[in-house]
Amino acid sequence: MTDFLGRLTALALTGGLGDLRYDASLPELAARYGDPWDGGRVHKESRWPHAFGWGDAQTVFCRCRRLRSLSLPTWHGELELPEGDGGFGTLDTRVTESALVAALTAAGCSWETVTYENIPGQRTLEVAPAEQLRVAFVLVDRIGHDEPPLGDWLLHKTGLWGYDHPDCPEPDRTLPDDGWGAAES
């Protein structure tokens, strides 16, 4: 099993890619991995939710500074992911459906296959590591639109999100800015 396939299996089982997990604290992640890059606002009318990232790991945080979603653009073929020492490791992300299914099965993980009529050549293996938490492995049957179908579907994108998020408290405007816009709405 490749290192990346092992990480995907752990993500499916735990809802986390190392410390990058649903509900993780932005300040704690920054202390572990260094300051994130700023991906900008999710909605143009308000600062939160806000996108940040470490290497190729793309995240979205709520104003409470808790991770709400994670996305890995595995179609790149390799990803630079944060390591515990503040550095980054580069991993080969070419994972076939048969290898992913074998790894998930060996780990005792179950999934639901989701397809959409309006998106041919794509399907998603959706895993629920917890009641309100989902991990999606989006697979495609070809590398490009003009390419012939592959013999074994290929992982295109990986995502993590939750359905259950309590209302965030209003930010305390008396606190100094935490560098991520604590005083902004």
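Leaving aside neighbours within four places in sequence, which residues is Thr124 in contact with? Keep that question open while you get oriented. The model on screen is predicted.

**Whole chain**

Show the protein chain as a cartoon. You should find 3 helices and 12 strands. Now colour by burial. Of the 185 residues, 42% are buried. Switch to a surface view. The chain exposes about 10000 Å², and carbon and sulfur atoms supply 50% of that area. For contacts between residues at least 6 apart in sequence, 49% join residues at least 24 apart.

**Stop 1: strand β10**

Select residues 122-130. This is strand β10, and Thr124 is in it. Thr124 has 7% relative accessibility, so it counts as buried. Now the opening question can be settled. Beyond its sequence neighbours within four places, Thr124 contacts Glu112, Thr113, Val114, Ala136, Phe137 and Val138.

Stay in β10 and pick Glu126, which is also found there. Is Glu126 buried or exposed? Its relative accessible area is 18%, and the cut-off for buried is under 20%, so Glu126 counts as buried. Show its partners as sticks. Not counting residues up to four places away in sequence, Glu126 touches Trp111, Glu112, Val114, Arg134, Val135, Trp161 and Tyr163. Glu112 and Val114 appear in the contacts of Thr124 and in those of Glu126.

**Stop 2: helices α1 and α3**

Select residues 3-14 for α1 and residues 97-106 for α3. The two helices pack with their axes 10 Å apart, at an angle of about 50°. They are therefore oblique to each other. The crossing is right-handed. Show side chains at the contact. From α1, pick Leu5, Leu8, Thr9 and Ala12; from α3, pick Ala99, Leu100, Ala103 and Leu104. By class, this contact has 7 nonpolar residues, 1 polar residue and no charged ones.

**Stop 3: Ala107**

Move on to Ala107, in the loop between α3 and β9 (112-115). Ala107 counts as partly exposed because its relative accessibility is 34%. Which residues does Ala107 touch, not counting those up to four places away in sequence? The answer is Thr9 and Leu13. Draw a distance from Ala107 to Leu13. Their C-alpha atoms are separated by 8.0 Å, although the two residues are 94 apart along the chain. Thr9 has come up before, as one of the α1 residues in the contact with α3.

**Stop 4: Leu79**

Select residues 78-82, strand β7, and pick out Leu79. At 0% relative accessibility, Leu79 counts as buried. Show what surrounds it. Leaving aside neighbours within four places in sequence, Leu79 is in contact with Phe4, Asp56, Leu72, Pro73, Thr74, Gly89, Thr90, Leu91 and Thr93. Asp56 is worth a distance label. It is 23 residues from Leu79 along the chain, and the two C-alpha atoms are separated by 5.8 Å.

**Stop 5: two loop residues with positive phi**

Go first to Asp23, in the loop between β2 (20-21) and α2 (26-33). Its phi is near 75°, a positive value in a residue other than glycine. Asp23 is partly exposed, at 38% relative accessibility.

Then select Arg65, in the loop between β5 (57-61) and β6 (67-72). Phi of Arg65 is near 70°, again positive in a residue other than glycine. Is Arg65 buried or exposed? At 8% relative accessibility, Arg65 counts as buried.

Definitions and conventions
Residues are numbered from 1 along each chain as its sequence is written. This is a predicted model: local features need pLDDT of at least 70, side-chain atom pairs count only at pLDDT 80 or more; totals for chains, interfaces and linings use all residues. Side-chain values use heavy atoms; hydrogens and water are left out. Helices (H or I, at least four residues) and strands (E, at least two) are DSSP runs, numbered from the N terminus. Buried means under 20% relative accessible area, exposed over 50%, partly exposed in between (1.4 Å probe, protein chains only). Contact means heavy atoms within 4.5 Å. Accessible areas come from the Shrake-Rupley method with a 1.4 Å probe; for residues, only the protein chains shown count as cover. Axes are lines fitted to C-alpha atoms, for helices over the stretch in contact, and angles run from 0 to 180 degrees between N-to-C directions. Angles under 35 degrees count as roughly parallel, over 145 as roughly antiparallel, 65 to 115 as roughly perpendicular and the rest as oblique. A crossing is left-handed if the near helix is turned anticlockwise from the far one by less than a right angle, and right-handed if clockwise. Ala, Val, Leu, Ile, Met, Phe, Trp, Tyr, Cys and Pro count as nonpolar, Asp, Glu, Lys and Arg as charged, and the others, Gly among them, as polar.
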